[in-house]
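Me: I would like a close look at a single part of this structure, explained step by step for someone in a first year of study. Please take the nonpolar core and the strands around it.

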Amino acid sequence: MGPTKPDGRSWFGSPQEILERKGTRVVRHAPPLAAEELGELIAIAPADGDRVYVGFDRALYELAPPDV
């Protein structure tokens with residue numbers, strides 16, 4: 001499992017999708033590139049606010065989910 005933010009959100013995923021869990025709700029986030037362009041998921045690290053950094057062996061991006 002990935003990091004847990006102070007607000008209780010947990011993050012985990014694969015090259016196909018990043019999952020955000022808050023309480024009993026699960027939100028799926030699509031990466032900005034196709035799985036073959038990203039490579040293997042290496043890490044998900046907390047950033048400021050609701051954001052997380054998502055690192056793959058070929059790309060790094062910052063995910064700022066909408067508040068749903």
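Reply: In this predicted model, the largest nonpolar core is made up of eleven residues, namely Trp11, Ile18, Leu38, Leu41, Ile44, Val52, Val54, Phe56, Ala59, Tyr61 and Leu63. Strands S4 (41–46), S5 and S6 are the elements that give two or more residues to this core, and the largest share, three residues, comes from S5. As a general background, nonpolar side chains in soluble globular proteins tend to be buried together.

One of the core residues, Leu41, touches Val54, Gly55 and Phe56, as well as Gly13, Ser14 and Pro15, when residues up to four places away in sequence are not counted.

Strand S5 (residues 52–56) runs antiparallel to S6, and four bridges join the two; together they form a hairpin with three residues between them. Along S6 (residues 60–63) the side chains alternate, with Tyr61 and Leu63 buried and pointing to one face, while Leu60 and Glu62 point to the other and are not buried. In a regular strand, such alternation between the two faces of the sheet is what one finds.

Tyr53, which lies in S5, stands opposite Glu62 in S6. Because its relative accessibility is 38%, Tyr53 counts as partly exposed. Leaving aside neighbours within four places in sequence, Tyr53 is in contact with Leu60, Tyr61 and Glu62, and also with Ala43, Ile44, Ala45, Pro46 and Ala47. Of these partners, Ala43 is ten residues from Tyr53 in sequence, and their C-alpha atoms are 8.0 Å apart in space.

Terms used
Residues numbered from 1 in each chain as written. Predicted model: local features only at pLDDT ≥ 70, side-chain atom pairs only at ≥ 80, totals over all residues. Heavy atoms only, no water. Buried < 20%, exposed > 50% of the residue type's maximum accessible area, 1.4 Å probe, protein only. Pairing = 2+ DSSP bridges. Contact = heavy atoms within 4.5 Å. Core = buried A, V, L, I, M, F, W, Y, C linked by side-chain atoms within 4.5 Å.
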